[in-house]
Each structure stands twice: as structure tokens, then as C-alpha cells.
Amino acid sequence: MSLAERIITDAGSVFLNSDHFAESVTYYPHRFGTQATPRVITAIVIRNQVTVFNPDEQIVPEFEVRVANSATTGISSEELNTGGDQIKFPVRIGETATKRTIQLMTEHDDGMLVLICR
């Protein structure tokens with residue numbers, strides 16, 4: 001097994017393991033003119049990040065979400081629609097989950113995507 005194959009495997013079995021850091025979230029793809037089906041995926045949600053938007057200096061929570069680069073267990077980089085797709089997760093552990101829009105993808109490789117949600 002090559003190093004790249006090992007990293008892709010580890011992304012799912014180690015980092016996105018719900019027994020460790022990951023949790024179940026719901027991914028809502030947005031496709032213009034078609035009905036896309038939401039699906040439950042595993043993700044690492046990094047909470048309590050805030051961003052200040054100018055010129056109003058409005059403070060808005062921002063979340064980093066890490067998912068597998070996979071159309072079955074996560075979100076594939078090919079299908080991602082930033083600004084349209086949403087992920088539903090609780091702002092705080094134990095609270096009711098709410099939808100957040102995927103604003104941008106800050107990093108990606110064959111194993112994982114790093115997404116910013118607001």
C-alpha cells in the first residue's frame with residue numbers, strides 16, 4: 001500500500017472515527033433545478049470560531065468542518081457547491097442541530113476536505 005493510499009484509509013478510520021473525534025452530521029447538497037437527497041456523513045466539527053464582517057463589523061460564528069473526500073462517506077470535492085450546500089450540526093454539543101452554509105473549502109487532498117461553514 002502506498003503512503004497516499006494509507007493516508008486516505010487513515011482519514012476515514014482514524015480521524016473520522018465517531019469513537020474518537022468525529023460526529024454524525026447531515027449534508028444537504030444544493031443542485032440547481034434538481035432535487036438532491038440529504039445524507040448523513042461523519043465529520044469533525046471545530047466550534048467556537050468567530051469572524052468579523054466589515055463594514056458593519058457584524059460578528060458571525062464560523063465553523064471548520066472536516067469530512068472525507070468521498071461521495072459516499074463524506075463529500076467529494078467534485079460535488080461540492082460552496083455557497084449552496086449546507087451541513088446540519090449543533091452549534092454546541094447537546095443542542096439542536098441547525099443548517100450552516102458551506103462558504104469555502106480551505107484545504108483538500110485525496111483523503112479529506114476542510115470546509116468553512118457560517
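This passage describes the fold, the strand pairing and the packing of the protein shown above.

The structure is a predicted model, in which local features need pLDDT of at least 70, side-chain atom pairs count only at pLDDT 80 or more, and totals for chains, interfaces and linings use all residues. Residues are numbered from 1 along each chain as its sequence is written, and side-chain values use heavy atoms, with hydrogens and water left out. The confidence score, pLDDT, is given by the predictor for each residue on a scale from 0 to 100. Its mean over the protein is 85, and 83% of the residues reach 70 or more. Among the elements, helix H1 (residues 3-15) has the lowest mean pLDDT, 67, while S4 has the highest, 96.

The protein contains one helix and six strands. Both kinds of element are DSSP runs numbered from the N terminus, with helices (H or I) of at least four residues and strands (E) of at least two. Read from the N terminus, the order is α-β-β-β-β-β-β. Contacts, defined by heavy atoms within 4.5 Å, give a first view of how the chain folds back on itself. Among contacts between residues at least 6 apart in sequence, 47% join residues at least 24 apart.

The strands can now be followed from partner to partner. Two strands are said to pair if DSSP finds at least two bridges between them. S4 and strand S5 (residues 97-108) run antiparallel and are joined by five bridges. Within this arrangement, Gln86 stands opposite Thr101 in S5. The hairpin of S4 and S5 has six residues between the strands, and Gly94 there takes a positive phi near 95 degrees. S5 is also linked to S6 by a hairpin, this time through three residues. S5 and S6 pair in the antiparallel sense over five bridges. Glu107 has Val114 of S6 as its bridge partner, and His108 stands opposite Leu113 in S6. S6 further pairs with S3, again in the antiparallel sense, over six bridges. Here Arg66 stands opposite Val114 in S6.

Burial comes next, with residues classed as buried under 20% relative accessible area, exposed over 50% and partly exposed in between (1.4 Å probe, protein chains only). Of the 118 residues in the protein, 41% are buried. S6 is mostly covered, with six of its six residues buried. The cover extends to both faces of S6: Met112, Val114 and Ile116 are buried on one side, and Leu113, Leu115 and Cys117 on the other.

Val114 in strand S6 is a good residue to look at in detail. Val114 counts as buried because its relative accessibility is 5%. Beyond residues up to four places away in sequence, Val114 touches Glu64, Val65, Arg66, Leu104, Met105, Thr106 and Glu107. Leu104 lies 10 residues from Val114 along the chain, and their C-alpha atoms are separated by 8.6 Å. A second example is Thr26 in strand S1, which counts as buried because its relative accessibility is 19%. Leaving aside neighbours within four places in sequence, the contacts of Thr26 are Pro38, Arg39, Val40, Gln86, Ile87 and Lys88.

A nonpolar core is a set of buried Ala, Val, Leu, Ile, Met, Phe, Trp, Tyr and Cys residues joined through side-chain atoms within 4.5 Å. The largest one has 16 residues, and those with the most contacts inside it are Val65, Val67, Ile75, Ile87, Phe89, Ile102 and Leu115. Two or more residues of this core come from each of strands S1 (23-28), S2 (39-53), S3 (58-68), S4 (86-90) and S6 (112-117). Leu115 touches several residues that are not within four places in sequence, among them Phe63, Val65, Val67, Ile75, Ile87 and Ile102.

Ring contacts complete the picture. Rings of Phe, Tyr and Trp (its six-membered ring) pair if their centres lie within 6.5 Å, and planes under 30 degrees apart count as stacked, over 60 as edge-to-face and the rest as tilted. By this rule there is one aromatic pair. Phe63 and Phe89 meet edge-to-face, at 5.3 Å centre to centre and 75 degrees between the planes. The pair links distant parts of the chain, with Phe63 in strand S3 and Phe89 in strand S4, 26 residues apart. Both Phe63 and Phe89 are buried. Elsewhere, Lys99 lies over the face of Tyr28, at 4.0 Å from the ring centre; a charge sits over a ring if NZ of Lys or CZ of Arg is within 6 Å of the ring centre and within 35 degrees of the ring normal.
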